[in-house]
Amino acid sequence: NKAQLLLLNSESIKELHFRLETSDGAAFTENDLVARFRGNFLVRGNYQFEEEQWSRFSIGGRCFSVESLCERCGMVSVNPETGLKSKEPLLSLIREQGRNGASFGVYIALNDGISNNDIIKVGDKFIIVS
């Protein structure tokens, strides 16, 4: 991994789910996609793929910076529960992004250190700074 943590945007998950080609018979729910992309944080942005433009944000008062896009490999096409491989979602990512390789989600880093009393929990306030 290239950074401390990986962040996914639920709006990007919804958009990818809408665009998926499932000609190989694999059926996906949005939760299946979240599991395949293995993020540490799932936040609700305002619109799809906006996380690719963020540079700083906070969750529960903790400051984070976006380090880079997360380039994806064929592992996202392996069902983490069954071990079965399909063409998706990697095929749709490559088709939609029109470049060699595919990215989904962003690598992030905690900017303000960590102490034993720090806890980030579901429902903490998420604020885009820049």
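# Report on a predicted protein model

Asn31 sits in helix 2. Helices (H or I, at least four residues) and strands (E, at least two) are DSSP runs, numbered from the N terminus. Asn31 is exposed, its relative accessible area being 62%; exposed means over 50% relative accessible area, buried under 20%, and partly exposed in between (1.4 Å probe, protein chains only). Between the C-alpha atoms of Asn31 and Lys87 there are 18 Å, with 56 residues separating the two along the chain.

The model is predicted: local features need pLDDT of at least 70, side-chain atom pairs count only at pLDDT 80 or more, and totals for chains, interfaces and linings use all residues. Residues are numbered from 1 along each chain as its sequence is written, and side-chain values use heavy atoms, with hydrogens and water left out.

## Overall fold

The protein has three helices and six strands. Read from the N terminus, their order is β-α-α-β-β-β-α-β-β. The C-alpha trace spans about 45 × 30 × 25 Å along its principal axes. The radius of gyration of the protein is 15 Å, which agrees with the value near 14 Å for a compact globule of 130 residues. This radius is taken over C-alpha atoms, and the globule rule is 2.2 Å times the number of residues to the power 0.38.

Of the 130 residues, 38% are buried. Among contacts with a separation of 6 or more, 77% join residues 24 or more positions apart; a contact means heavy atoms within 4.5 Å. The exposed area of the protein is about 7800 Å², and carbon and sulfur atoms supply 49% of it. Accessible areas come from the Shrake-Rupley method with a 1.4 Å probe; for residues, only the protein chains shown count as cover.

The protein carries 15 positive and 17 negative charges, and the mean positions of the two sets are 2 Å apart. Lys and Arg count as positive and Asp and Glu as negative, while His and the chain ends are not counted. A charge is placed at NZ of Lys, CZ of Arg, CG of Asp or CD of Glu.

## Aromatic pairs

A pair of aromatic rings is described by the distance of the centres and the angle of the planes. Rings of Phe, Tyr and Trp (its six-membered ring) pair if their centres lie within 6.5 Å; planes under 30 degrees apart count as stacked, over 60 as edge-to-face and the rest as tilted. Seven aromatic pairs are present in the structure. In one of them, Phe37 and Phe104 have ring centres 4.3 Å apart and planes at 20°, so this pair is stacked. Phe37 belongs to helix 2 (residues 30-37) and Phe104 to strand 5 (residues 102-110), so the pair links parts of the chain that are 67 residues apart. Phe37 is buried at 0% relative accessibility, and Phe104 is buried at 1%.

A further pair is tilted: the ring centres of Trp54 and Phe126 are 5.3 Å apart and the planes stand at 55°. Here Trp54 comes from the loop between strand 2 (41-43) and strand 3 (56-59), and Phe126 from strand 6 (residues 126-128), 72 residues away. Trp54 is buried, with 7% relative accessible area. Ring pairs join Phe41, Trp54, Phe57, Phe64 and Phe126 into a cluster.

## Strand 6 and the loop before strand 3

Ile128 is also in strand 6 and is partly exposed, at 32% relative accessibility. Leaving aside residues up to four places away in sequence, Ile128 touches Asn46, Glu50, Trp54, Arg56 and Phe57. Gln53 lies in the loop between strand 2 and strand 3 and is exposed, at 63% relative accessibility. The table gives two C-alpha separations for this part of the model.

| Residue pair | Separation in sequence | C-alpha distance |
|---|---|---|
| Ile128 and Ser55 | 73 residues | 8.5 Å |
| Gln53 and Ser130 | 77 residues | 8.5 Å |

## Backbone geometry

Most residues other than glycine have a negative phi, and most peptide bonds are trans. Arg38, which is not a glycine, has a positive phi of about 55°. Arg38 lies in the loop between helix 2 and strand 2 and is partly exposed, at 48% relative accessibility. Phe49 is not a glycine either, and its phi is positive at about 65°; Phe49 is placed in the loop between strand 2 and strand 3. The peptide bond from Glu88 to Pro89 is cis, with omega near 5°. Pro89 is in the loop between strand 4 (62-72) and helix 3 (90-97).
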